Amino acid sequence: MVSLVVVAGTVTMAMLALTTGWGAAAVASARGFLDFYSGVFALLGLTGTVILGVVTTERTLLSIDHRILSQRVHRATALAGMGFLVTHVALKIDSGLVGAAGAIIPFAGGAGLFVGLGAIAGDIMLLVLLTGLLRGKFAQSARPWMWRALHDSAYLAWPVSILHGLFSGRPPATWVVWSYVLALVGVGVALSFRLAATSKARETAVTPKVEVTEKAAAEPLARVYNLRSNTETRRTG
Amino acid sequence: MIPYRVPDVRSVGEPRLTAGLDRVRRLDYAAHRDVHPEAASHDVETLISLAEAVDLRGRGGAAFPFARKLGAVARTARSKKAEVVVVVNATEGEPASAKDKMLLLRTPHLVLDGAMLAADALDAVEIVIGVAEGHVAEQSMLAAVEERGLGEYVRVVGLPEKFVTGEGGSVVNGVSGRDAVPRGRGGRTSDSGVRGLPTLLSNAETYAQLAVLTGLGATGYAELGAPGEAGTVLLTVGGSSMRPAVVETPTGVPLAAVLDLCGAAVGDGVLVGGYHGRWLTPVDAASVPVSRKSLADVGGVLGAGIVLPLGGESCPLGEAVRVTSYLAEQSSGQCGPCRLGLPDIAHLLKDVADGSGTVEAVRWAVVGTRGRGACSHPDGTSRFVLSALDTFADDVAEHLREGTCGRPVYGILPIPADEGSQVRLLVDWTRCQGHGLCSKILTDHVNLDAHGYPVIADSPVPTSLRAQAQRAVEMCPALALRLDDPK
């Protein structure tokens with residue numbers, strides 16, 4: 001039912017865009033908007049995703065329910081961010097700013113340094129997305145720690161993508177630079193929170209020392225197995 | 001059709017329903033007619049007076065007078081000028097019961113005879129036989145219907161094998177093509193049952209008894225049995241029995257004799273009436289005769305004739321916890337107090353078994369559940385739990401004191417394997433950090449201990465919880481959970 005509505009809506013919109021003048025104009029302006037902003041949205045979405053990902057294991061402030069919620073939102077923003085990233089890449093290829101090869105293979109097809117950095121960041125994010133989708137498989141495998149190693153490469157993609165965002169396209173507006181700074185600070189704070197929490201966990205994880213005094217053993221262990229007279233039928237050997 | 005394996009049948013004295021079964025695994029139509037000659041057809045009044053004369057009761061557990069049921073259907077049919085449907089309830093959702101499956105598997109024509117007698121008398125348009133889906137009994141009954149060329153008249157319907165499927169309303173819903181769950185309203189099936197028609201709904205053994213009754217006549221039928229409860233009953237004797245069997249016995253015979261016949265040790269008690277029934281103390285079990293009245297006098301119940309001696313080797317409270325958890329899972333989920341209350345009771349009872357709970361907490365939870373559902377499932381389960389607490393008072397006290405009675409839980413009380421689910425949720429304890437997400441995602445299967453680490457139910461993950469278990473594995477921050485499928 002839902003898919004029927006979606007298909008019908010898409011077909012109607014395509015017909016409007018192809019046959020009417022204002023439809024074509026609307027498509028053109030939407031495209032212009034996405035061309036201009038989808039990269040920014042991708043960066044914002046994925047930055048939010050990184051922050052949420054760091055926060056999901058925060059136990060001092062967040063209850064279990066909040067952590068489940070933040071993990072769900074982490075997944076949702078990741079998918080939204082990746083959607084914008086794909087849109088961004090597709091539109092840039094379509095406008096001839098980068099070749100199809102250059103968008104996937106870094107520095108291929110004569111794309112510049114900062115466009116190449118974008119390709120690197122995009123590839124890594126794709127890998128991170130895949131590991132996220134396959135998390136259950138990793139948990140099931142013999143080497144679950146592989147997941148963390150691969151998924152953490154998001155931290156690598158991120159500074160690379162910021163360099164790409166600042167220097168590959170139009171000169172950034174002041175507020176864009178500021179939002180990048182804010183994103184850096186946000187992730188930095190979240191990450192230090194997490195590192196602090198995990199190192200604390202390690203400190204408390206020392207095996208507690210048990211003081212054994214001479215007086216301790218009062219009751220014999222055999223009490224657990226004490227037998228009653230009315231159960232002769234029970235096998236005790 | 002000759003089935004490969006059949007439930008064992010034994011009898012105290014002369015067998016009636018099980019006559020001829022000592023020689024063959026299944027009576028086909030010719031063999032059946034040798035043992036039970038064809039009965040002349042009777043009109044409704046004759047059948048009613050016959051049933052009244054020997055006080056024939058429904059054998060599904062409720063022991064409703066069959067004559068009154070028959071009379072009600074006949075009256076409604078007359079006043080509404082409606083057609084009548086005859087329904088045989090052989091679904092037997094009770095995992096510990098085997099008598100109806102035995103009848104369908106080994107002597108299906110006797111059940112058919114009874115149903116045909118009732119259908120003839122009521123001039124019914126159809127006979128519907130509700131059986132457990134996929135069980136061999138279904139094929140046996142289909143073969144019997146074919147043998148007699150009744151395919152046009154008798155419909156055999158397979159219903160899902162769940163505990164509440166045995167409820168009369170569930171069967172009517174199921175054979176009408178709806179979900180086989182109890183009805184919230186809709187009155188008596190004798191007024192409005194299958195397709196809204198007046199419906200005679202009774203248990204398979206009841207119809208077999210009716211066939212035997214018309215064969216012997218009221219006087220002949222009453223030659224066996226205790227005063228006021230003429231005839232024989234079918235008992236399914238399991239539990240600690242060394243030779244579990246369906247036993248046909250005249251009423252009034254000591255229960256101890258039946259238990260002896262099956263090589264059963266009473267031990268801590270005997271469960272009578274199935275999982276909605278009650279426990280008998282060893283003292284009562286040694287002296288009580290098999291009859292509705294005598295069992296009721298000592299606080300028991302005959303019900304559908306299930307007899308489960310516990311033996312002395314298994315932990316009684318642990319067995320009760322297993323059954324209560326199973327019963328909680330079997331709620332159809334329609335009524336809130338049952339859906340939420342029964343798991344609560346099961347958890348609280350487990351706490352008692354671990355020595356951390358209190359008996360009062362269990363009793364309070366029972367009070368909040370009893371009588372608050374469309375069918376008897378919450379009441380029956382409550383009855384079972386309270387009876388276990390009373391009968392095993394010594395064992396309960398020991399559990400509260402020590403956290404154990406030192407005996408393992410052997411699973412003497414049968415519980416059907418969960419649709420073949422063997423999948424277990426496992427923790428890699430070296431990885432678990434006690435994040436606790438699993439306890440919120442998989443509330444029914446995982447609890448947290450005092451340190452915040454998961455305590456996972458000691459049973460396979462039910463099929464209904466598989467998706468949630470998978471989510472718990474995927475969302476564990478430490479990747480410490482996994483699902484283990486031995487297949």
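Start by selecting B:L122, which touches B:V44, B:V73, B:A74, B:A77, B:V84, B:V86 and B:L200, leaving aside residues up to four places away in sequence. The model is predicted.

**The core around B:L122**

Keep B:L122 selected and add B:V86 and B:V87: these three have the most contacts inside the largest nonpolar core, a set of 130 residues. Next colour helix 5 of chain B, residues 108-122, which gives the most to this core, with ten residues. For a second, separate core, move to A:A42, A:V54, A:M125 and A:A183, which are included in a set of 26 residues.

**Chain B as a whole**

Zoom out to the full chain. Chain B holds 18 helices and 16 strands. Of its 487 residues, 54% are buried. Among contacts in chain B with a separation of 6 or more, 71% join residues 24 or more positions apart.

**The four-stranded sheet**

Which strand order does the open sheet of four strands in chain B have? Show the strands in sequence across the sheet, and the order reads 4-3-2-5, with parallel pairing. Strand 4 (154-159) and strand 5 (199-203) of chain B are the edge strands, and each pairs on one side only. From one strand to the next, the twist averages 20°.

Now select strand 3 of chain B, residues 126-132, together with strand 4 of chain B; they pair in the parallel sense over six bridges. To look at one of these residues, pick B:I127, whose bridge partner in strand 4 of chain B is B:V154.

**Helices across the sheet**

Add helix 7 of chain B, residues 168-175. Helix 7 of chain B lies across strand 2 (85-90), strand 3, strand 4 and strand 5 of chain B, and runs at about 115° to strand 2 of chain B. Then add helix 8 of chain B, residues 204-221, which lies across strand 2 and strand 5 of chain B. The angle of helix 8 of chain B to strand 5 of chain B is about 95°.

**A helix pair**

Hide the sheet and select helix 12 (residues 316-329) and helix 15 (residues 377-391) of chain B. How do their axes cross? They come within 11 Å and cross at roughly 170°, which makes helix 12 of chain B roughly antiparallel to helix 15 of chain B. On helix 12 of chain B, show B:A320, B:V323, B:T324 and B:L327; on helix 15 of chain B, show B:T381, B:F384, B:V385 and B:A388; these residues make the contact. By class, they divide into six nonpolar, two polar and no charged.

Stay on helix 15 of chain B and select B:T391, which lies in it. Is B:T391 buried or exposed? B:T391 is buried, because 24 other C-beta atoms lie within 10 Å. Beyond residues up to four places away in sequence, B:T391 touches B:G269, B:W279 and B:T281. A distance label from B:T391 to B:T281, C-alpha to C-alpha, gives 6.1 Å, although the two are 110 residues apart in sequence.

**The side facing chain A**

Finally, display both chains. There are 25 residues of chain B in contact with 22 residues of chain A. Select helix 17 (437-441), helix 18 (466-475) and strand 16 (481-484) of chain B, the elements that give two or more residues to the side of chain B that touches chain A. Helix 18 of chain B gives the most to that side, with four residues. Colouring this side of chain B by class shows ten nonpolar, eight polar and seven charged residues.

Notes. Residues numbered from 1 in each chain as written. Chains lettered and ligands numbered in written order. Predicted model: local features only at pLDDT ≥ 70, side-chain atom pairs only at ≥ 80, totals over all residues. Pairing = 2+ DSSP bridges. Axes fitted to C-alpha atoms, helices over the stretch in contact; angles between N-to-C directions. Contact = placed C-beta atoms within 7 Å. Parallel < 35°, antiparallel > 145°, perpendicular 65-115°, else oblique. Nonpolar A, V, L, I, M, F, W, Y, C, P; charged D, E, K, R; others polar. Buried ≥ 20, exposed ≤ 12 C-beta atoms within 10 Å, placed from the backbone. Core = buried A, V, L, I, M, F, W, Y, C linked by C-beta atoms within 7 Å.
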